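Subject: Structure for you to look at, with notes

Dear colleague,

Here is the structure I said I would pass on, and my notes on it follow below. Please read them with the structure open beside you.

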There are 2 protein chains.
Amino acid sequence: MRVTLQAAAAMLLSFDRVLILCHRNPDGDTIGSAAALCRAYLNMGRQAKIFCHDAFPEKFSYLLPETPDFAPEHIVSVDVADPALLGSRTEEMLNNRPIALSIDHHPTHKQFAQTLCLEEHSASCCEIIWELLGEMGCPVTKEIADCIYTGAATDTGCFKFSNTSPRTHRIAAEMIEAGADYVTINKVMFDTKTFPELKLEQLALEQLWLSEDGKIAVLTITSDMLEKTGVRETELDAITALPRKIAGVEAGITIKQRGENEFKVSVRTGETLDASRICGNFGGGGHARAAGCQFEGLSPAVIREKLAAAVREEMA
Amino acid sequence: MRVTLQAAAAMLLSFDRVLILCHRNPDGDTIGSAAALCRAYLNMGRQAKIFCHDAFPEKFSYLLPETPDFAPEHIVSVDVADPALLGSRTEEMLNNRPIALSIDHHPTHKQFAQTLCLEEHSASCCEIIWELLGEMGCPVTKEIADCIYTGAATDTGCFKFSNTSPRTHRIAAEMIEAGADYVTINKVMFDTKTFPELKLEQLALEQLWLSEDGKIAVLTITSDMLEKTGVRETELDAITALPRKIAGVEAGITIKQRGENEFKVSVRTGETLDASRICGNFGGGGHARAAGCQFEGLSPAVIREKLAAAVREEMA
């Protein structure tokens, strides 16, 4: 059943002993949403805790409250678009217990919870959490403001992407007024590169591949490069955005080696090319400006030729 | 004479045939301010044009209106903190004619105009222009929204720096509602690197110098590197920010060769070190988190040792 924001707020207010679930490969929005909601429950004197298939990256640790252990009564998921994104560890832990409420903002949401609060026009799930807390009458403390600011900023690329709305900015304004430490948050989220990441960039750029007069740029990241630099597969977000940042590039592609013969591809495009259609040629999908697909048993050189051909077709 | 915002708005409304001056090395804020004000005059059916010592960088061309030529009656400067920043070409053109009104947000403003409207708490001069246009009853068109958004975003590093206020975000929200093309603006201002810039980064990073367990990072950009890559001296903003972005770095220093034996130094610091005090040791100055100084007749290796010693002293 899909419910309104007001109904979801009423449900949340009726819950005690709440378990909040994040999606796997957790980002600032799923962690910020979970931590804000968890903190609101703790502030009301109720029990709440967070679970995720993966460990939370160290850089998000400032968001997380200390939580006691307890047997949960109700389960809520935040920013999870698809049950497959809960991850096997979460599924095992759940052991078929139902999820009472799913709060999400992805237009592609596949309903899996008993109740769904879906606001597709929200740039981030944190924007929905902010609205819900308002409905619930939960004050936005400094700690909650840090959480909501983090999700709002990270899911919009620091207010740069087209999902940024006037409301996103107004929420950011309120969060700063509530004490969000936005300078530190932005520094950590957007203005920090580790040495291994810098070295990986150097290595990968040495082999940057260009086509169509520099309109297509392909960066390949091999397992060997990751090994040499010590960068983990979960730390490739920034480098994935790099090819599309080069002046003149309309399709920025990153090919990331996973197993011996397995490659994960990210495609980022400008306003004239549909990335999801390009990836659709290879069984992948996503958004118009950012999409992905996978290849097995082909070399990076063959993969990039196939992708470039698909981009050329999309250009025509 | 220093005047209130209301008085400045009344003055502006009384002007016709207006010449608007930008500071040399023009950035998004001085150009955005001048273009917004100029467009407001044109929309009122009055004459206005813009002058700057330097040519405007190509990437800001979308801000500039077409202006007729005419003999100006009143002169207004925007975002100019010091008469020296007008530049020699502007001074020659002025030929000692007085500047009627100076609109600025720099706390270090050195008064030079007949009337000064100074709002030190504004993150950008564009925020003041936005307020002035409101007082003047000038509607914010899509084109004016592009100008104000550009200044508000560029002077705050895309809402990341500590000068960003709740008002900055609320103005951004309004500008988006007024039609500002924020996605394109942000892409051009913050997410575009040219090939020469990428190559320069590669070259400079190969010789990154570290000290104090990686707390001090020094990047040196020689004239030779600029020549090899084709990057101009005016295009070094992004690379100047790079050393401080490296995880763990508390003082990020960039040494830029100018003449044969002349070096310009930029120092960016974290929250615990005072960059202006570090540069003050060498006759320079600036803000607490970003400052500069110059050296002549010393090698980059000697300069960085001197700077590192000053940073160590500041750390102690």
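In chain B, Gly285(B) has Gly292(B), a residue of S11(B), as its bridge partner. Please keep in mind throughout that this is a predicted model. The pair belongs to the contact between S10(B) and strand S11 of chain B, residues 290–296, which are joined in the antiparallel sense by two bridges. These strands are part of an open sheet of six strands in chain B, whose order is S6-S7-S8-S9-S11-S10 and whose pairing is mixed. Strand S6 (209–211) and strand S10 (285–286) of chain B each have a single partner strand and stand at the edges, so one side of each has no neighbour in the sheet. Helix H12 of chain B, residues 300–315, packs on this sheet and touches S6, strand S7 (216–221), strand S8 (251–257), strand S9 (262–269) and S11 of chain B, with a direction that makes about 155° with that of S8(B).

Turning to chain A, I begin with strands S8, S9 and S11. Strand S8 (residues 251–257) and strand S9 (residues 262–269) of chain A run antiparallel and are joined by seven bridges, and the connection from S8(A) to S9(A) is a hairpin of four residues. Within this pairing, Ile253(A) is placed opposite Val267(A) of S9(A). On S9(A) there is also an antiparallel pairing with strand S11 (residues 290–296) of chain A, again over seven bridges, and here Lys264(A) is found opposite Gln294(A) of S11(A).

Chain A also holds an open sheet of five strands with parallel pairing, in the order S2-S1-S3-S4-S5. Its edge strands are strand S2 (48–51) and strand S5 (115–118) of chain A, each of which pairs on one side only, and from one strand to the next the twist averages 20°. Strand S1 (residues 18–21) of chain A runs parallel to S2(A) and is joined to it by four bridges, with Leu21(A) opposite Phe51(A) in S2(A). Two helices may be worth displaying together with this sheet. Helix H1 (residues 5–14) of chain A lies across strand S3 (74–78), strand S4 (101–104) and S5 of chain A, at about 130° to S4(A). Helix H4(A) likewise packs on the sheet, where it touches S3, S4 and S5 of chain A, and its direction makes about 120° with that of S4(A).

As for charged pairs, the rule applied here gives a count of 32 salt bridges over all chains. One of them is between Arg167(A) and Glu131(A), whose closest N and O atoms are 2.2 Å apart. This pair links distant parts of the chain, since Arg167(A) sits in helix H6 of chain A and Glu131(A) in helix H4 (residues 125–136) of chain A, 36 residues apart.

The last part concerns how the two chains meet. In chain A, 39 residues are in contact with 39 residues of chain B, and the two chains bury about 3,600 Å² between them, of which 60% is on carbon and sulfur atoms. On the chain A side, Lys160(A), His169(A) and Phe195(A) lose the most area to chain B, together 18% of what that side buries. Six salt bridges are found across the interface of chain A and chain B, including one between Lys160(A) and Asp191(B), with the closest N and O atoms 3.6 Å apart. Between the chains there are also 15 residue pairs in polar contact, counting pairs with both residues at pLDDT 80 or more. The elements that give two or more residues to the side of chain A touching chain B are helix H6 (166–177), helix H7 (182–190), helix H8 (195–205) and helix H10 (237–245) of chain A. H6(A) gives the most, with eight residues. By class, this side of chain A has 18 nonpolar, nine polar and twelve charged residues.

With best regards

Note on methods. Residues are numbered from 1 along each chain as its sequence is written. Chains are lettered from A and ligands numbered from 1 in the order in which they are written. This is a predicted model: local features need pLDDT of at least 70, side-chain atom pairs count only at pLDDT 80 or more; totals for chains, interfaces and linings use all residues. Side-chain values use heavy atoms; hydrogens and water are left out. Contact means heavy atoms within 4.5 Å. Buried area is the accessible area (1.4 Å probe) that two parts lose on being put together, summed over both. A salt bridge is a side-chain nitrogen of Lys or Arg within 4 Å of a carboxyl oxygen of Asp or Glu. A polar contact is a pair of N or O atoms within 3.5 Å; within protein, one must be able to donate a hydrogen and the other to accept it, and residues adjacent in sequence count only if both atoms are side-chain atoms. Ala, Val, Leu, Ile, Met, Phe, Trp, Tyr, Cys and Pro count as nonpolar, Asp, Glu, Lys and Arg as charged, and the others, Gly among them, as polar. Two strands pair if DSSP finds at least two bridges between them. Axes are lines fitted to C-alpha atoms, for helices over the stretch in contact, and angles run from 0 to 180 degrees between N-to-C directions.
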